[in-house]
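Biologist: I should like to learn how to read a protein model, one feature at a time. May we begin once the model is in view?

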Amino acid sequence: MDGQSSTELGGLRLASVLSHPPTGRSLRVSTTAPGMQLYTANYLDGKTPRPDLCKDGSSYGQWQGICLETQTYPDSIYTGDADSSNDEFSKGKCFILRPGGDDYFHAVEY
């Protein structure tokens with residue numbers, strides 16, 4: 001995403017497209033969240049999780065899975081640092097939940 005919260009723009013924004021040309025499969029992910037985390041299963045080793053806990057006793061090795069997690073930016077709480085090199089972080093694009101405070105919600109569509 002380009003750093004602007006889609007809630008400011010009034011709706012879902014396309015955040016990612018995954019495609020597999022040999023099969024023609026694709027996945028489009030849209031969200032109201034300002035960011036997305038990509039996990040690529042870099043640390044899977046075929047033993048963890050144990051195959052008996054996996055679908056059909058499968059084992060999963062390195063890079064055999066992917067996860068797209070919509071969220072705010074990892075370091076988006078305002079720190080008060082006037083010398084911030086990223087204006088989006090200094091705008092506090094993080095939601096802090098407090099008892100009795102505003103509800104948090106973001107939408108994801110795929």
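Biologist: Is Asp-52 buried or exposed?

Modeller: Please bear in mind that this is a predicted model. To place a residue, one looks at its relative accessible area, and a value over 50% counts as exposed. Asp-52 has a relative accessible area of 55%, so Asp-52 is exposed.

Biologist: Which residue does the side chain of Asp-52 meet in a salt bridge?

Modeller: The partner is Arg-50, and the bridge between Asp-52 and Arg-50 spans 2.9 Å from N to O. Arg-50 is partly exposed, with a relative accessible area of 46%. The count for the structure comes to 1 salt bridge.

Biologist: How many helices and strands does the protein have?

Modeller: There are 2 helices and 5 strands. Following the chain along its sequence, one reads the pattern α-β-β-β-β-α-β.

Biologist: What is the order of the strands in the sheet?

Modeller: The order is E1-E2-E5, in an open sheet of 3 strands with antiparallel pairing. Strands E1 (13-20) and E5 (108-109) each have a single partner strand and stand at the edges, so one side of each lacks a neighbour in the sheet.

Biologist: How many bridges join E1 to E2?

Modeller: E1 and strand E2, which covers residues 25-31, are joined by 7 bridges and run antiparallel. Two pairs may be followed by eye. Ser-16 stands opposite Val-29 in E2, and Ser-19 has Ser-26 in E2 as its bridge partner.

Biologist: What do E1 and E2 form, and how many residues are between them?

Modeller: E1 and E2 form a hairpin, with 4 residues between the two strands. In the turn, Gly-24 has a positive phi of about 80°.

Biologist: What should a student know about the sign of phi in general?

Modeller: Most residues other than glycine have a negative phi, and most peptide bonds are trans. One therefore looks for residues that depart from this rule.

Biologist: Which value of phi does Ala-41 have?

Modeller: Although Ala-41 is not a glycine, its phi is positive, at about 60°. Ala-41 is found in the loop between E3 and E4. With 18% relative accessibility, Ala-41 counts as buried.

Biologist: Where is Trp-63, and is Trp-63 buried or exposed?

Modeller: Trp-63 is also placed in the loop between E3 and E4. Its relative accessibility is 56%, so Trp-63 counts as exposed. Trp-63 is not a glycine either, and has a positive phi of about 65°.

Biologist: Which residues does a cis peptide bond join?

Modeller: Thr-48 and Pro-49 are joined by a cis peptide bond, for which omega is about 0°. Pro-49 belongs to the loop between E3 and E4.

Biologist: Which residues are in contact with Ser-59, leaving aside its neighbours within four places in sequence?

Modeller: Here one asks which parts of the chain meet in space. Ser-59 is in contact with Gly-46, Pro-51 and Gln-64 when those neighbours are left aside. Ser-59 itself lies in the loop that runs between strand E3 (35-39) and strand E4 (67-71). From Ser-59 to Asp-45 there are 14 residues in sequence and 8.4 Å in space, C-alpha to C-alpha. Ser-59 is partly exposed, at a relative accessible area of 42%.

Biologist: How many disulfides does a search of the whole structure find?

Modeller: The search finds 0 disulfides. A disulfide requires two cysteine sulfur atoms within 2.5 Å of each other. As for accessibility, Cys-54 is buried at a relative accessible area of 12%, whereas Cys-67 is partly exposed at 35%.

Biologist: Which residues form a nonpolar patch on the surface?

Modeller: The patch consists of Leu-27, Val-108 and Tyr-110, which together have about 330 Å² of accessible area. Val-108 is part of strand E5. At 40% relative accessibility, Val-108 counts as partly exposed.

Biologist: What can be said about the protein as a whole, in terms of buried residues and exposed area?

Modeller: Of the 110 residues in the protein, 20% are buried. The protein exposes about 8,200 Å², and 51% of this comes from carbon and sulfur atoms. Among contacts between residues at least 6 apart in sequence, 49% join residues at least 24 apart.

How values were computed:
Residues numbered from 1 in each chain as written. Predicted model: local features only at pLDDT ≥ 70, side-chain atom pairs only at ≥ 80, totals over all residues. Heavy atoms only, no water. Pairing = 2+ DSSP bridges. Buried < 20%, exposed > 50% of the residue type's maximum accessible area, 1.4 Å probe, protein only. Contact = heavy atoms within 4.5 Å. Areas by Shrake-Rupley, 256 points an atom, 1.4 Å probe, with all protein chains shown as cover. Salt bridge = Lys/Arg side-chain N within 4 Å of Asp/Glu carboxyl O. Patch = residues over 30% accessible without salt bridge, like charges linked within 9 Å, V, L, I, M, F, W, Y side chains within 5 Å.
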